[in-house]
Amino acid sequence: MIIRFLVILLLIAGCAKRMPQVSPLTPQKSYPELVDEFISCSGKGKIDSRGFFHGALSFTFISQNDSSFFQFKDPLGRKVLLMWITPINVTAWNLIENKQYVYNQILDFFPFLQVVEPLDITKFLWGVQPDYKKLNGVDSKVSSHIALQFGNEELGSVQNALVTASFNDKKINQSVNIRIKGRTLQRNEINLQKVWKLIHS
């Protein structure tokens, strides 16, 4: 009887060792909660586009409050584009051609800006998924062929981090996929205007 009990105990112990450890999902904080706790956010990622603009660019970003700054590089490591997003405006500068883009030209490269607000891009950088039960301000005839999806994966120590955003316009066969490869929330302030001037000069 004792031997049978020991055998059962060993079997249970052996099964327990083989059970995978599942980390609890980190609850997603709201954007106001994050900017109240932290001052700035920085990181890196990759954008892959198909359609009018075809190719992949890596990028680094700095975000503070409601504004974000991007620096894009081509596969050769050359700085090719700077972009500054505020709640009401998007500014881009082509470093190869030394040319500033107007908003309509930016939409050709980043068509998802047709259906998302600039502030939603900043929220995504901070790891907060915009609330899109329907596409904001887009006519139903247009939104019927547009898909916008977000994805969560493990990123660093965060188990359920928002890391991907995918835009697909089936009518014109254009897609953009964004993947965040690193995200750091910080409590130090960054002068975005100074950063823009330093890199742009």
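Select Asp-169 to begin: at 6% relative accessibility, this residue counts as buried, where buried means under 20% relative accessible area, exposed over 50% and partly exposed in between, computed with a 1.4 Å probe on protein chains only. Asp-169 belongs to strand S8 (residues 158–169). Helices (H or I, at least four residues) and strands (E, at least two) are DSSP runs numbered from the N terminus. Leaving aside residues up to four places away in sequence, Asp-169 touches His-145, Ile-146 and Gln-174, a contact being heavy atoms within 4.5 Å.

The model is predicted: local features need pLDDT of at least 70 and side-chain atom pairs count only at pLDDT 80 or more, while totals for chains, interfaces and linings use all residues. Residues are numbered from 1 along each chain as its sequence is written, and side-chain values use heavy atoms, with hydrogens and water left out.

**Strands S2, S3 and S4**

Select strand S3 (residues 67–73) next. Six of its seven residues are buried, so S3 is largely enclosed by the rest of the structure. Strand S2 (residues 55–64) runs antiparallel to S3 and is joined to it by seven bridges; two strands pair if DSSP finds at least two bridges between them. To see the register, display Ser-58, which stands opposite Lys-73 in S3. S3 also pairs with strand S4 (residues 79–86), in the antiparallel sense and over six bridges. Here the bridge partner of Ser-68 is Ile-85 in S4.

Now move to the two turns. The hairpin of S3 and S4 has five residues between the strands, and Gly-77 there takes a positive phi near 90°. The hairpin of S2 and S3 has two residues between the strands. Which residue takes a positive phi in the hairpin of S2 and S3? It is Asn-65, with a phi of about 55° although it is not a glycine. Most residues other than glycine have a negative phi. Asn-65 counts as partly exposed, at 44% relative accessibility.

A further residue to select is Asn-98, in the loop between strand S5 (89–94) and strand S6 (99–101). Its phi is near 50°, a positive value in a residue other than glycine. Asn-98 is exposed, with a relative accessible area of 57%.

**The nonpolar core and a cavity**

Return to S3 and centre on Phe-70. Outside residues up to four places away in sequence, Phe-70 touches Phe-59, Thr-60, Phe-61, Leu-81, Leu-82, Met-83, Ile-85, Ile-121 and Leu-125. The largest nonpolar core has 39 residues, and Phe-70 is among those that touch the most other members, together with Ile-47, Phe-72, Met-83, Phe-110, Phe-112 and Leu-113. A nonpolar core is a set of buried Ala, Val, Leu, Ile, Met, Phe, Trp, Tyr and Cys residues joined through side-chain atoms within 4.5 Å. S8 gives the most to this core, with five residues.

How many cavities of 30 Å³ or more does a search of the whole structure find? There are two. A cavity is a set of points on a 1 Å grid over the protein atoms alone where a 1.4 Å probe fits but cannot get out, and lining residues have an atom within 4 Å of a point. The largest cavity holds about 130 Å³ of space, its volume being the space filled by probe spheres set on the points, which are joined across faces, edges and corners. To find this cavity, select Phe-112, Val-116, Ile-121, Phe-150 and Ala-165, the closest to its centre of the 13 residues that line it. Helix H4 (118–125), strand S7 (146–155), S8 and S9 each give two or more residues to the lining.

**Salt bridges**

Finally, display the charged side chains. The whole structure contains five salt bridges, each a side-chain nitrogen of Lys or Arg within 4 Å of a carboxyl oxygen of Asp or Glu.

- Asp-74 and Arg-78: the closest N and O atoms are 2.6 Å apart. Asp-74 is buried, at 10%, whereas Arg-78 is partly exposed, at 45%.
- Asp-48 and Arg-50: the closest N and O atoms are 2.6 Å apart. Asp-48 is partly exposed, at 24%, and Arg-50 is partly exposed, at 34%.
- Arg-187 and Glu-37: the closest N and O atoms are 3.4 Å apart. Arg-187 lies in the loop between strand S9 (174–186) and helix H6 (192–200) and Glu-37 in helix H2 (residues 31–37), so this pair ties together parts that are 150 residues apart in sequence.

Technical notes:
On a 1 Å grid over the protein atoms alone, a cavity is a set of points where a 1.4 Å probe fits but cannot get out, and a pocket is an open set with protein on both sides within 12 Å along at least five of seven lines; lining residues have an atom within 4 Å of a point.
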